[in-house]
Number of protein chains: 2
Amino acid sequence: MSLVIVGSVAFDTIRTPWGDREKIVGGSGTYCSLAASFFTRPRVVGVVGRDFPRKTLAELRSHGVDLAGLKIKAGKTFHWEGKYEDDPNRRTTLRTELNVFADFRPEIPAAYRASRIVYLANLNPEHHAYVLGQFRQPGIVAMDTIRLWIETKRETLLEELGRVQIFFANDEEARLITGETNLISAGKALIGLGPSLVLLKKGEHGALVFGRDFVFGVPAHPCEHVIDPTGAGDSFAGGFLGYLDRTRGLSVRDVRRAAVYGSVMASFAIEDFGIGRLLALDWDLIEARFRQFRKLTAF
Amino acid sequence: MSLVIVGSVAFDTIRTPWGDREKIVGGSGTYCSLAASFFTRPRVVGVVGRDFPRKTLAELRSHGVDLAGLKIKAGKTFHWEGKYEDDPNRRTTLRTELNVFADFRPEIPAAYRASRIVYLANLNPEHHAYVLGQFRQPGIVAMDTIRLWIETKRETLLEELGRVQIFFANDEEARLITGETNLISAGKALIGLGPSLVLLKKGEHGALVFGRDFVFGVPAHPCEHVIDPTGAGDSFAGGFLGYLDRTRGLSVRDVRRAAVYGSVMASFAIEDFGIGRLLALDWDLIEARFRQFRKLTAF
């Protein structure tokens with residue numbers, strides 16, 4: 001079992017119509033590793049400043065997250081500020097202070113280099129080759145991206161899509177990359193660009209999984225009060241990849257169940273600001289929600 | 001087995017980016033009864049003008065649709081013209097010529113009055129009482145509505161919601177009626193207004209079913225080429241109510257399966273302009289697609 005997550009460990013300031021939070025812990029690497037920690041012992045590669053709370057690092061470690069790849073550098077931690085309106089699927093970035101993340105060149109610890117799964121969480125695609133070059137042929141490379149890279153590094157992004165096995169995208173990103181309005185066409189077009197699995201996340205409408213010869217759909221957990229959608233996608237990736245790492249398989253059945261566990265972790269993440277809800281979880285709660293997904297979808 | 005559908009039998013002119021069709025057969029009663037005809041012998045109450053093609057009436061009859069309640073009046077048939085852009089979930093009405101439908105007062109034939117299920121397909125809610133008064137206590141009353149009635153007959157519509165058991169709405173209508181952005185909240189709020197079942201149709205995102213103590217979700221059939229979304233909602237209602245009429249039940253299991261059959265019929269309806277695809281169906285094709293929904297959603 002070995003899953004390496006290369007991503008941001010950061011501060012988020014979140015503004016919503018029902019409340020604000022200043023500089024709470026966030027970041028793709030944080031959400032993803034915490035979600036994955038219920039399935040495997042994820043390894044994080046990232047960087048924080050000296051201002052990052054030791055308490056959070058201790059909490060992550062106590063959840064089984066391996067932080068050997070997390071550098072603590074002089075300076076301030078990456079800080080993102082965003083605002084949600086009534087529709088939690090839409091958000092506006094108000095501020096991005098990269099700080100120590102600005103010249104982050106991910107160094108993979110020797111102990112991580114034989115890992116089975118590598119997840120590149122919305123990294124600048126120009127850095128993928130440098131990161132992957134440090135691994136001894138990982139079995140599965142997974143990546144996510146963000147609008148910024150689609151708009152500014154399109155060519156490199158498309159090249160990188162040709163090298164990964166798993167690609168996570170939300171509906172907007174899938175449409176932007178492929179130019180397809182129809183999400184089924186967009187998902188299939190992404191498969192045509194290289195990955196053997198595409199996870200298309202649709203927020204309140206659930207997720208679609210595209211493989212070379214199957215499509216799987218799962219509705220979202222029926223949540224009435226989305227408190228903070230930040231990190232939902234990263235928590236989905238954490239649950240999905242964590243489950244795949246734990247099962248050691250990659251059959252269609254594994255992938256379907258992994259997508260439901262991804263949906264389970266995302267459904268918890270949005271129930272509170274930041275990583276609060278994920279920190280408070282235990283395996284019984286996760287299994288109970290997995291069973292709720294069965295009830296939601298069985299016919 | 002007895003399902004009465006009170007709705008429009010009409011002409012549609014459809015404009016899409018990939019082709020137009022002038023004055024083809026459409027209407028809520030047509031789509032709904034044709035979809036239901038694969039499950040039961042639906043009874044249609046409506047009105048057409050002398051210009052309505054006899055060929056279509058013969059086709060409907062040969063599918064087992066009972067047209068004893070369809071009046072043929074001097075004058076022209078209801079004619080709607082609409083336009084779709086790239087996103088098939090959005091449409092613009094270009095023209096509505098009510099013609100003989102303008103003073104349609106639905107008269108229920110004596111033979112229909114003991115029917116088990118009555119479906120009021122986007123009728124003016126002010127006419128519901130008149131229609132329902134002609135029945136001997138139907139077991140199930142179902143209704144749909146349109147934006148026009150939500151905006152112009154809101155009070156009456158809310159009263160009528162308090163009298164029906166089943167309500168069909170798309171996401172836009174559910175939000176307009178309840179004022180809730182979150183679709184789970186909207187679905188629950190609609191249940192709070194009276195119906196014991198709410199069918200919330202989300203186009204490419206599938207459907208949600210709300211009961212008093214359960215939520216069921218089903219993704220849409222993965223369709224890459226939506227040719228004509230007109231009638232998808234009415235075909236959903238036809239499959240749903242037709243299946244419920246056939247099973248004679250209303251258990252949660254019946255309702256879940258009915259919603260999948262509704263999704264099956266809607267998924268066929270959008271594959272061609274007008275009722276062409278529905279007319280060409282047979283039971284094997286319907287069962288094969290039902291099994292595809294199992295494959296789509298099983299984990």
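1. How many residue pairs are in polar contact across the interface of chain A and chain B? In this predicted model, the rule finds 20 such pairs, with both residues at pLDDT 80 or more, a polar contact being a pair of N or O atoms within 3.5 Å in which, within protein, one must be able to donate a hydrogen and the other to accept it, while residues adjacent in sequence count only if both atoms are side-chain atoms.

2. On the side of chain A that touches chain B, the elements giving two or more residues are α7 (183-192), β13 (215-218), α9 (252-269) and α11 (283-297) of chain A, and α11(A) gives the most, with six residues. Helices (H or I, at least four residues) and strands (E, at least two) are DSSP runs, numbered from the N terminus.

3. The area buried between chain A and chain B (accessible area, 1.4 Å probe, lost by the two parts on being put together and summed over both) is about 2700 Å², of which carbon and sulfur atoms give 55%. His205(A), Glu224(A) and Phe299(A) supply 28% of the area that chain A buries against chain B, more than any other three residues.

4. Four salt bridges are found by the rule across this interface, where a side-chain nitrogen of Lys or Arg must lie within 4 Å of a carboxyl oxygen of Asp or Glu. Lys188(A) forms a salt bridge with Glu224(B), with 3.2 Å between the closest N and O atoms.

5. On numbering and scope, residues are counted from 1 along each chain as its sequence is written, and chains are lettered from A in the order in which they are written. Local features need pLDDT of at least 70, whereas totals for chains, interfaces and linings use all residues, and side-chain values use heavy atoms, with hydrogens and water left out.
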